[in-house]
Every structure is written in C-alpha cells, then in structure tokens.
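Hi,

Here is the structure I promised to pass on. Have a look at it first, and then read on for what turned up.

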Amino acid sequence: MPFNITNFKSALDQFGGPARANLFEVRISSIPNGTNSRLGNRDFSFFCQSVNIPGINLQMADYAPVGGMPRQFPVGIDNTPLNAIFMMDSDNEILSFFHSWMQSVLNYSQSAGSFAEDGGKLPFEIGYKDEYSTNMQIHHYTSDTFEFKYYETRFEKIFPISVGDIELSWESNDSYLTLPVSFAYDRVFYGGERAGSTRGGRGNGFLDMLEGVAGFADIVKQTRDAGSKVNGIQDAVNRLTRVRNSFDNMTDKFGGG
C-alpha cells in the first residue's frame, strides 16, 4: 500500500497531532524541611529546563534448557532515576536550594566542626526519609490549545541523589549556567496505567483469610451453643447446612475448590 500523507495526517489529528517536547511542567508538593532557600513551589516549575520521564525496564533472567533455545523471563523491575536540568539564577537560589536539600538527606557539612549538629544530624549522618522527601508530578500537556489535557507521571517520596558539576569559563559569556540533578523515589505512577481492584479472583489476601476463619468459627460456636439436642430431622439438616456453607465460604477465600 503506497504511503498517503493525507491518511497519515488524519491519523495524527484524531489523537491531537504530534506531541511537543516543550509542553511540560514539573511540580513538587512541598518544599522539604530544612532547605535554606527562598525558592517556592511555583519557582521550582519555572526553573526546570528539561526533565526525563523514566522508562519501564524489566529485570530479566535467562533460562537455557539442554538441547533447546534459550529464553528470557521477567523477574523484577528497575527503578530508573529521574534526571532533570535546572536553569541557574545569578543569586544562586537554585544552587542553594539543592545543596541545602542534599544536606537534609545527608549532612555533608563540617563548617561548624565535627560535632556540630544541623537539624539534629551530626556531620555525615543520614536523615529520615519522611523529612527530606516530597512528592513530584510531571505534566506533559496536549498540543491542542483549545483543550486542557495532560499526561501525568507522579513520584512518591522523591529526593535528590546527585547534584551535578557546574562548569565556569571565561569563554562562555553568551550562555547561562545549568544544573543537572538526579532524583530517586519510592514509587512512580503513570497516567496510562490500569488501576487494580481489591475485589478480584484472589480476594483480599490476608484480610479475607481472617474473615473466613472468623466466620467459620462463629458458625461452629453458634451450632455448638445450641446444644446437643436435635429437635427433629430438619433441625439437624439446618445445622449441618450452616456449618457446610460457612466452610465453603472460607474455602473460597483461600482459593480452594
């Protein structure tokens, strides 16, 4: 089939046209505790020149059977670092912000002596993640100027792990400085992922197990407390049916047949 530019353009247009790399915004939920800077949440977005949305990389294991072709199987997933580049200001607020944030993660400073504390941390002491981490969102906006839509990537408990070098040069009189920063995080959520459900074929795991055991034990106790005297055949059938139904419910929660 020959290439048709009209069909190609029509296919792109139905999905908003080509995506543009410059339509993005980076937000942090809050400024981490202890940072020594005038930088605010909104300023953080303005100074971020570029950022990568981390890919999804599976950890693979090789299986090579004797006399057969080798195969690969996924065994885990890698947590790819998030890398960003920030424009620097002449007051060095961006630089001060990230150096201060890094000090909240690990107190690298010995400016006041080997036993001087900063935020309760001695030199080279590591802080608590809940105090130095924050949440971050990357919004990649659609090219359609009449519709406010974006693809969101969210990061939980994110913090810097590397603040890059700054190259100063007499020859660079027509360029501005930038600062590369790498971040680590606990979890990442992509806008295109499917949301799971706690009500599936596997049930709710441990909670369902406890519920099933407790329900079965309760039915057995009620039947036992009713006494050993059976008031007719129907009473015996009812008691047996209640215990049997309770046992079946518990078996279902355990995934049995």
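**What turned up**

Of the contacts in the protein between residues at least 6 apart in sequence, 60% join residues at least 24 apart. Keep in mind as you read that this is a predicted model. The protein has 257 residues, and 23% of them are buried. Its secondary structure comes to six helices and nine strands. The accessible surface is about 18,200 Å², with 55% of that belonging to carbon and sulfur atoms.

A good place to start is Gln-137. You'll find Gln-137 in strand 6, which runs over residues 134–141. Is Gln-137 buried or exposed? Its relative accessibility is 17%, and buried means under 20%, so Gln-137 counts as buried. The side chain of Gln-137 makes a polar contact of 3.2 Å with the side chain of Ser-29. If you set aside its neighbours within four places in sequence, Gln-137 is in contact with two sets of residues: Glu-25, Val-26, Arg-27 and Ser-29, and then Glu-152, Thr-153 and Arg-154.

Some of those contact partners of Gln-137, including Glu-25, Arg-27, Glu-152 and Arg-154, bring us to the salt bridges. How many salt bridges does the count come to? It comes to five. In general, side chains of opposite charge can pair when their charged atoms come close. Three of these pairs are worth a look:

- Arg-27 and Glu-25 meet through their side chains at 3.1 Å, N to O. Glu-25 is buried, with a relative accessible area of 11%, whereas Arg-27 is partly exposed at 34%.
- Glu-152 and Arg-154 form a salt bridge of 3.6 Å, N to O. Glu-152 is partly exposed, with a relative accessible area of 23%, and Arg-154 is partly exposed as well, at 34%.
- Glu-156 and Arg-187 are joined by a salt bridge of 2.7 Å, N to O. This pair links distant parts of the chain, with Glu-156 in strand 7 (residues 150–163) and Arg-187 in strand 9 (residues 187–190), 31 residues apart. Glu-156 is partly exposed at 23% relative accessibility, and Arg-187 is partly exposed at 48%.

Another link across the sequence involves Ser-96, which lies in helix 3. How far apart are Ser-96 and Ser-37 in space, C-alpha to C-alpha? They are 6.2 Å apart, although 59 residues separate them in sequence. Ser-96 is partly exposed, with a relative accessibility of 28%.

Now for the backbone. Most residues other than glycine have a negative phi. Two residues here go the other way:

- Asn-92 is not a glycine, yet it has a positive phi of about 60°. Asn-92 sits in the loop between strand 5 (82–87) and helix 3 (93–105). At 35% relative accessibility, Asn-92 counts as partly exposed.
- Phe-124, also a residue other than glycine, has a positive phi near 70°. Look for Phe-124 in the loop between helix 3 and helix 4 (129–132).

Next, one pair of strands. Strand 3 (residues 58–63) pairs with strand 4 in the antiparallel sense, over six bridges. If you want a spot to find this pairing, Asp-62 stands opposite Gln-72 in strand 4. How many of the seven residues of strand 4 (residues 71–77) are buried? The count is zero, and strand 4 is hardly covered.

Last, the start of the chain. Which residues form a nonpolar patch on the surface? They are Phe-3, Ile-5, Phe-8 and Leu-12, and together they have about 420 Å² of accessible area. Phe-3 lies in the segment before helix 1 (5–13). With a relative accessible area of 64%, over the 50% that marks a residue as exposed, Phe-3 counts as exposed.

If you'd like a route through the model, begin at buried Gln-137, go on to the pair of Glu-156 and Arg-187, and finish at the patch that includes Phe-3.

Cheers

Definitions and conventions: Residues numbered from 1 in each chain as written. Predicted model: local features only at pLDDT ≥ 70, side-chain atom pairs only at ≥ 80, totals over all residues. Heavy atoms only, no water. Helix = DSSP H or I, 4+ residues; strand = E, 2+ residues; numbered from the N terminus. Buried < 20%, exposed > 50% of the residue type's maximum accessible area, 1.4 Å probe, protein only. Polar contact = N/O pair within 3.5 Å; in protein donor to acceptor, adjacent residues only side chain to side chain. Contact = heavy atoms within 4.5 Å. Pairing = 2+ DSSP bridges. Areas by Shrake-Rupley, 256 points an atom, 1.4 Å probe, with all protein chains shown as cover. Patch = residues over 30% accessible without salt bridge, like charges linked within 9 Å, V, L, I, M, F, W, Y side chains within 5 Å. Salt bridge = Lys/Arg side-chain N within 4 Å of Asp/Glu carboxyl O.
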